[in-house]
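Here are some notes for a colleague coming to this structure for the first time. They take up charged side-chain pairs and then one helix.

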Amino acid sequence: MVCNPHHTENTHFKVLRLLEANPQMNQRQLSQALGVSLGKTNYCLKALLDKGMLKVHNFQNSKRKLAYAYLLTPAGIAEKTALTSRFLQRKMHEFEQLKSEIESLQQEALQTQPITTQPH
């Protein structure tokens, strides 16, 4: 299975962004926020942990269950900054292409409108 590098990069960016804002998100909440499967979320978290972008902090919560906090490492913060820049560049490029396409379609629509004459 070949993954689209931009898709993977976008997912990593979104994960880092979500966890920076809410480090105590569990995998199920993260999965729902991303709109991807729990398995894909787990795979992505493992990849970010393996790359040293995240670290996991275990603690006991009040319900006597073990809970986790996903914390961005300095490398994770630097990567998030780089991903943010690339994400923004891609989105700006997509915006410019869409804007150009809309302008072209508007011109086409104006040129193909039927000419109506008013009865005298």
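**Notes on salt bridges and helix H2**

1. Searching the whole structure, which is a predicted model, gives 6 salt bridges. As general background, side chains of opposite charge can pair when their charged atoms come close.

2. One of these salt bridges joins Glu 9 to Arg 86, with 3.0 Å between the closest N and O atoms. Because Glu 9 belongs to helix H1 (residues 5-21) and Arg 86 to helix H4 (residues 74-111), the pair ties together parts that lie 77 residues apart in sequence. As for the surroundings of the two partners, Glu 9 is buried at a relative accessible area of 18%, whereas Arg 86, at 31% relative accessibility, counts as partly exposed.

3. A salt bridge also brings together the side chains of Lys 80 and Glu 20, with an N to O distance of 3.0 Å. This pair, too, links distant parts of the chain, since Lys 80 sits in helix H4 and Glu 20 in helix H1, 60 residues apart. Lys 80 has a relative accessible area of 16%, so this residue is under the 20% limit and counts as buried, while Glu 20 is partly exposed with a relative accessible area of 41%.

4. Which residue meets Arg 86 in a salt bridge with an N to O distance of 3.7 Å? The partner is Glu 79, joined to Arg 86 through their side chains, and Glu 79 is itself partly exposed, at 27% relative accessibility. Arg 86 and Glu 79 belong to a network of salt bridges that links them with Glu 9 and Arg 90.

5. Turning to helix H2 (residues 27-34), its buried residues are Leu 30, Ser 31 and Leu 34. Viewed down the axis of H2, these buried residues fall within an arc of 100°, and therefore they line one face of the helix. In general, an α-helix has 3.6 residues a turn, so residues three or four places apart point the same way. On the face of H2 that is turned away from the buried side, the exposed residues are Arg 28 and Gln 32.

6. The two ends of H2 can be read together. At the start of H2, a side-chain oxygen of Asn 26 comes to within 3.0 Å of the backbone nitrogen of Arg 28, a residue that also appears among the exposed ones on the face away from the buried side. After H2 comes Gly 35, which has a positive phi, near 75°.

Methods: Residues are numbered from 1 along each chain as its sequence is written. This is a predicted model: local features need pLDDT of at least 70, side-chain atom pairs count only at pLDDT 80 or more; totals for chains, interfaces and linings use all residues. Side-chain values use heavy atoms; hydrogens and water are left out. A salt bridge is a side-chain nitrogen of Lys or Arg within 4 Å of a carboxyl oxygen of Asp or Glu. Helices (H or I, at least four residues) and strands (E, at least two) are DSSP runs, numbered from the N terminus. Buried means under 20% relative accessible area, exposed over 50%, partly exposed in between (1.4 Å probe, protein chains only). The arc is that of the directions from the helix axis to the C-beta atoms. A polar contact is a pair of N or O atoms within 3.5 Å; within protein, one must be able to donate a hydrogen and the other to accept it, and residues adjacent in sequence count only if both atoms are side-chain atoms.
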